[in-house]
Every structure is written in C-alpha cells, then in structure tokens.
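User: Please take a close look at the enclosed space inside this protein, and tell me which parts of the chain surround it. I would like a connected account that I can follow beside the model.

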Amino acid sequence: MTNRWGQFSHCFKRQEVPAKVILLQEGQISRTMFFIEKGCLRTWINNDGKDITTQFFFEGDRVASIESFRANQPSLYNIESLEPCVLQTISKQDFQDVLENSSGMKKEMEEHLFRRLLHSQKLLYSYLKNNPQKRYEELVDEYPHIVQRIPQHYIASYLGITSVSLSRIRNRR
C-alpha cells in the first residue's frame, strides 16, 4: 500500500492467507479489493475444466475483478493465492468513499487502471502476433521475477502452451 493510502488505513483489514486459496470465484460478485503486502496472486479462468492463467500480481500490486467490483457484474475470472500472502483488503463501499473524498486517490486509481489496460493490450497483441518462444522471451525480459517465483505449469498456462512445450523452449535458451 502506498503512503498515500496510509491516511485511509482505518478502511483496510489485514488478511493472511495460505497458498492455493481462492479469494474470488469466477461468476461471483467481487466485493473486495486486495493490496498485496507479501506474496503472489494469480487470476485465471476455467476453460472446460482446464485452468488458464491470465495474470500474476506481487508485492505492491492491487487486485480486484474490477468490472465486477465496480459494476456488480459476475467476475470473469478467479483470484487465487500462489504463495502464503499478507493482504490488505478494502470493501467496495470504503473504496468508493475514498475515491469520492480524495481526488489524488481517484487520479492514482485512473493511472493504475490505465497501466492494467496497457498490460492487457500488450499481452493480447503478443498472443496474436508472436509464437510461444517469442512470448516466453518477452516474459523473461520484461518480468524476470515471474520466471523466478512462479511454478512452470502456471507460466505455461499463462503463455498458452503445455508444460512440456515450455520445457523445450527453456532448454533452447
């Protein structure tokens, strides 16, 4: 949580969760935003019984199914802890109160959403134009901490390939 958010610390609840906990289930309405103090979360979808990782989040990141959180729509994805985590959580109502009462927080949130949109667009275009080898190379170059902290089968899922294919790609490097 940034220093700016510290003035709203009374709105947050500290939560410790072990690894492999589903914090939000696909199809549920999101009522909580998570600020990661320690640990790693991932978002993923279920595609016919196969889970597909869509994003990873680490210390300093904030996570919610934003379309669900803001518009009361069913979440399009799951949010799960990959490591034991220490989270600061804020309810939807408290979050809205903070934004209404602080133009600085509203601006910071707009910037955050803009960065998430750019990240999503970059990922989409990478899927459309690059082969798995190139996508893996981009991941290693731009997000080396993901390769260091995340189990291979989640990375493979994120890249849209099998673990066996990922092993072959890694062996070529």
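Analyst: The largest cavity holds about 160 Å³ of space, where a cavity is a set of points, on a 1 Å grid over the protein atoms alone, at which a 1.4 Å probe fits but cannot get out; grid points are joined across faces, edges and corners, and the volume is the space filled by probe spheres set on the points. This is a predicted model, in which local features need pLDDT of at least 70 and side-chain atom pairs count only at pLDDT 80 or more, while totals for chains, interfaces and linings use all residues. Residues are numbered from 1 along each chain as its sequence is written, and side-chain values use heavy atoms, with hydrogens and water left out.

The largest cavity is lined by His-119, Lys-122, Leu-123, Ser-126, Arg-135, Glu-138, Leu-139, Glu-142, Tyr-143, Tyr-158 and Leu-159, lining residues being those that have an atom within 4 Å of a point. Helix H4 (103–129), helix H5 (132–142) and helix H7 (152–159) are the elements that give two or more residues to this lining; helices (H or I, at least four residues) and strands (E, at least two) are DSSP runs, numbered from the N terminus. By class, the lining of the largest cavity has five nonpolar, two polar and four charged residues, with Ala, Val, Leu, Ile, Met, Phe, Trp, Tyr, Cys and Pro counted as nonpolar, Asp, Glu, Lys and Arg as charged, and the others, Gly among them, as polar.

By this rule there are two cavities of 30 Å³ or more, and the second largest contains about 30 Å³ of space. Around the second largest cavity lie Met-33, Arg-62, Val-63, Ala-64, Ile-66, Met-109, His-112, Leu-113 and Arg-116. Strand E6 (62–63) and H4 each give two or more residues to that lining, and the largest share, four residues, comes from H4. Six nonpolar, one polar and two charged residues make up the lining of the second largest cavity.

The strand pairing around E6 can be followed further. Two bridges join E6 to E3, and these strands run antiparallel; two strands pair if DSSP finds at least two bridges between them. Within this pairing, Phe-35 stands opposite Arg-62 in E6, and Arg-62 is also one of the residues lining the second largest cavity. Strand E3 (residues 32–38) also pairs with strand E8 (residues 85–91) in the antiparallel sense, over six bridges, and there Phe-35 stands opposite Gln-88 in E8.

Technical notes. On a 1 Å grid over the protein atoms alone, a cavity is a set of points where a 1.4 Å probe fits but cannot get out, and a pocket is an open set with protein on both sides within 12 Å along at least five of seven lines; lining residues have an atom within 4 Å of a point.
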